[in-house]
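Please load the model in your viewer, with a cartoon for the backbone and sticks ready for the side chains. The tour goes from selection to selection.

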Amino acid sequence: MPCRAARTAYELQEMLVEQAKALHGPWPAGMTVFVFDDAYGWSASVSRPVAEDELCYRDAALEIATELKA
């Protein structure tokens with residue numbers, strides 16, 4: 001049985017940003033998402049929001065990361 005190729009951090013980052021944009025519109029200009037390998041597979045982090053409306057966008061992006069990880 002062939003195993004599925006693991007996604008790279010870049011691919012996961014792109015998936016997270018694309019899903020967030022589909023749900024909430026354009027990605028905020030000053031916000032950055034980081035995806036990196038860790039002892040449990042991978043983790044994602046989103047930079048702190050500058051404006052109040054970015055806080056909800058950040059929370060949604062972190063929720064998407066949680067769903068992708070599952």
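Begin by selecting glycine 25 together with its surroundings: leaving aside the neighbours within four places in sequence, glycine 25 is in contact with Ala20 and Tyr57. Bear in mind while looking that this is a predicted model. Glycine 25 lies in the loop between H1 and S1, and with a relative accessible area of 22% it is classed as partly exposed. If you draw a distance from the C-alpha atom of glycine 25 to that of serine 47, which is 22 residues away along the chain, the viewer should report a separation of 17 Å.

Move next to proline 26, which is also placed in the loop between H1 and S1. Is proline 26 buried or exposed? Its relative accessibility is 69%, and because the threshold for exposed is over 50%, proline 26 counts as exposed. Once neighbours within four places in sequence are set aside, the contacts of proline 26 are with Lys21 and Tyr57.

Now show the rings of tryptophan 27 and tyrosine 57. The model contains one aromatic pair by the rule applied here. The ring centres of tryptophan 27 and tyrosine 57 are 5.3 Å apart and the planes meet at 85°, so this pair is edge-to-face, given that planes over 60 degrees apart are assigned to that class. The pair connects distant parts of the chain, since tryptophan 27 belongs to the loop between helix H1 (9-24) and S1 whereas tyrosine 57 belongs to helix H2 (residues 52-69), 30 residues apart. Tryptophan 27 and tyrosine 57 are both buried.

From tyrosine 57, extend the selection to the whole of H2. This helix has 18 residues and spans 27 Å from its first C-alpha to its last, close to the 26 Å expected at 1.5 Å a residue. Which residues of H2 are buried? They are Glu54, Tyr57, Ala60, Ala61, Ile64 and Ala65. Looking down the axis of H2, you should find these buried residues within an arc of 145°, so they line one face of the helix. An α-helix has 3.6 residues a turn, so residues three or four places apart point the same way. Rotate to the face of H2 that is turned away from the buried side, and you will come upon the exposed residues Glu52, Cys56 and Glu67. To see what covers the buried residues of H2, display the elements H1 and S2, which are included in that cover.

Select the two strands next. Strand S1 (residues 33-38) and strand S2 (residues 41-46) run antiparallel and are joined by six bridges; one place to look is valine 33, whose bridge partner in S2 is valine 46. Together S1 and S2 make a hairpin, with two residues between them. For a further side-chain feature, show tryptophan 42 and lysine 69: the charged end of lysine 69 sits over the ring of tryptophan 42, 5.6 Å from the ring centre.

Finally, zoom out to the complete protein chain, which has two helices and two strands, arranged from the N terminus on as α-β-β-α. The C-alpha trace spans about 50 × 25 × 20 Å along its principal axes. Of the 70 residues, 27% count as buried, and among contacts between residues at least 6 apart in sequence, 43% join residues at least 24 apart.

Methods. Residues numbered from 1 in each chain as written. Predicted model: local features only at pLDDT ≥ 70, side-chain atom pairs only at ≥ 80, totals over all residues. Heavy atoms only, no water. Pairing = 2+ DSSP bridges. Helix = DSSP H or I, 4+ residues; strand = E, 2+ residues; numbered from the N terminus. Phe/Tyr/Trp six-rings, centres within 6.5 Å; stacked < 30°, edge-to-face > 60°. Buried < 20%, exposed > 50% of the residue type's maximum accessible area, 1.4 Å probe, protein only. Lys NZ or Arg CZ within 6 Å of the ring centre and 35° of its normal. Expected span 1.5 Å × (residues − 1). Arc of directions from axis to C-beta. Contact = heavy atoms within 4.5 Å.
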